[in-house]
Amino acid sequence: MVVTARDEFDLRVIRRAQRGHRGSRAVLLRELQDVWYRFAYQMLNDAESAREATQETGLRFLERLAEFRGDSRLKTWSLGITLNVCRELRRRRTPLTLADETTLPGREEEMNNLACQEQTEALSRQIAALPDRQREAITLRYLEELSLQDTAAAMGCALGTAKATVSQALRSLRRHAEVLKP
């Protein structure tokens, strides 16, 4: 197994987890579950669906952990699993309307003033209104703070495709922001 120097987990923990060590698997699940939930919530705009996606991601992560070769960071690899789970859930459910969308959980407590809260909600709605691939790219790149290379790996596409998709999404968000300016 080749693990890059960029990996955020101790190589020994990953190797033990791949061999089935329960404690090591629990460590990885505990460290990654919030990342999966945050990403799933942004993709699905629903807390219950995000919990379902997180749970399914955990199961698939454990099933496929032995396949992890270390070509990317474990977080990136696992977000690819989460992305596939979210895509499957989106195909099965009825699309939400803009009125159904909400901000990320916990964000309201962090907001000190109404103006900032309104801007955050508006941006969240704008991101939710993007086409699926653009929303995926923006969320991975900026909300999960992955590099473009890791974004491409998580999306299962070429680096150039990820760059183009992020660029298209940013253009769309900028256009929408200019329309809203007084």
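**Note on the predicted all-helix model**

1. Just after helix α2, asparagine 45 adopts a positive phi of about 55°. A comparable point can be made about glycine 156, which follows helix α8 and has a positive phi near 70°. Both values come from a predicted model, and they should be read with that in mind.

2. As for the overall architecture, the protein contains nine helices and zero strands, so that reading along the sequence gives the pattern α-α-α-α-α-α-α-α-α. Of the 182 residues in the protein, 41% are buried. Among contacts with a separation of 6 or more, 65% are between residues that stand 24 or more positions apart.

3. Helix α2, which spans residues 22-44, packs with helix α1, residues 11-18, at an angle of about 115°, and the two axes are 7 Å apart. The crossing in which α1 passes α2 is left-handed. On the α1 side the contact is made by Val13, Ile14, Arg16 and Ala17, and these meet Ser24, Arg25, Val27 and Leu28 on the α2 side. Sorted by class, this contact comprises five nonpolar residues, one polar residue and two charged residues.

4. Helix α2 is also bent, by about 35°, and the bend is located at leucine 32. Leucine 32 belongs to the buried residues of α2, which also include Ser24, Leu28, Val35, Trp36 and Phe39. The buried set further takes in Ala40, Tyr41, Gln42, Met43 and Leu44. Ser24 and Leu28 therefore appear twice in this account, once as buried residues of α2 and once as residues that α1 meets.

5. Within helix α2, valine 35 deserves a paragraph of its own. With a relative accessibility of 10%, valine 35 counts as buried, because the cut-off for that class is under 20%. When neighbours within four places in sequence are left aside, valine 35 is in contact with Lys75, Leu79 and Glu144. Valine 35 and threonine 54 are separated by 19 residues in sequence, and their C-alpha atoms are 9.0 Å apart in space.

6. The count of salt bridges in the model comes to 12. Side chains of opposite charge can pair when their charged atoms come close. In helix α3, residues 47-64, glutamate 48 and arginine 51 lie three residues apart, about one turn of the helix, and their side chains meet in a salt bridge with an N to O distance of 3.0 Å. Arginine 51 counts as partly exposed, at 44% relative accessibility.

7. A second pair in helix α3 joins glutamate 56 to arginine 60, with the closest N and O atoms 2.8 Å apart. These two residues are four apart, again about one turn of the helix. An α-helix has 3.6 residues a turn, so residues three or four places apart point the same way. The two partners fall into separate accessibility classes: glutamate 56 is partly exposed at 29%, whereas arginine 60 is buried at 13%.

8. Which parts of the chain are linked by the salt bridge between glutamate 136 and arginine 87? The side chains of glutamate 136 and arginine 87 meet at 2.8 Å, N to O, and the pair links distant parts of the chain, with glutamate 136 in helix α7 (residues 132-143), arginine 87 in helix α4 (residues 74-92), and their positions 49 residues apart. Both residues count as buried, glutamate 136 at 1% relative accessibility and arginine 87 at 17%. Arg87 and Glu136 are, moreover, part of a network of salt bridges that also links Arg90, Asp132, Arg133 and Arg135.

9. The surroundings of glutamate 136 can be described further. Not counting residues up to four places away in sequence, glutamate 136 touches Phe39, Met43, Leu83, Arg87, Arg90 and Met155. Of these, Phe39 and Met43 are among the buried residues of α2, while Met155 is one of the buried residues of helix α8, residues 148-155. The buried set of α8 also includes Asp150, Thr151, Ala152 and Ala154.

Technical notes: Residues numbered from 1 in each chain as written. Predicted model: local features only at pLDDT ≥ 70, side-chain atom pairs only at ≥ 80, totals over all residues. Heavy atoms only, no water. Axes fitted to C-alpha atoms, helices over the stretch in contact; angles between N-to-C directions. Left-handed = near helix turned anticlockwise from the far one by under 90°. Contact = heavy atoms within 4.5 Å. Nonpolar A, V, L, I, M, F, W, Y, C, P; charged D, E, K, R; others polar. Bend = angle between axes of the 7 residues up to and from the residue. Buried < 20%, exposed > 50% of the residue type's maximum accessible area, 1.4 Å probe, protein only. Salt bridge = Lys/Arg side-chain N within 4 Å of Asp/Glu carboxyl O.
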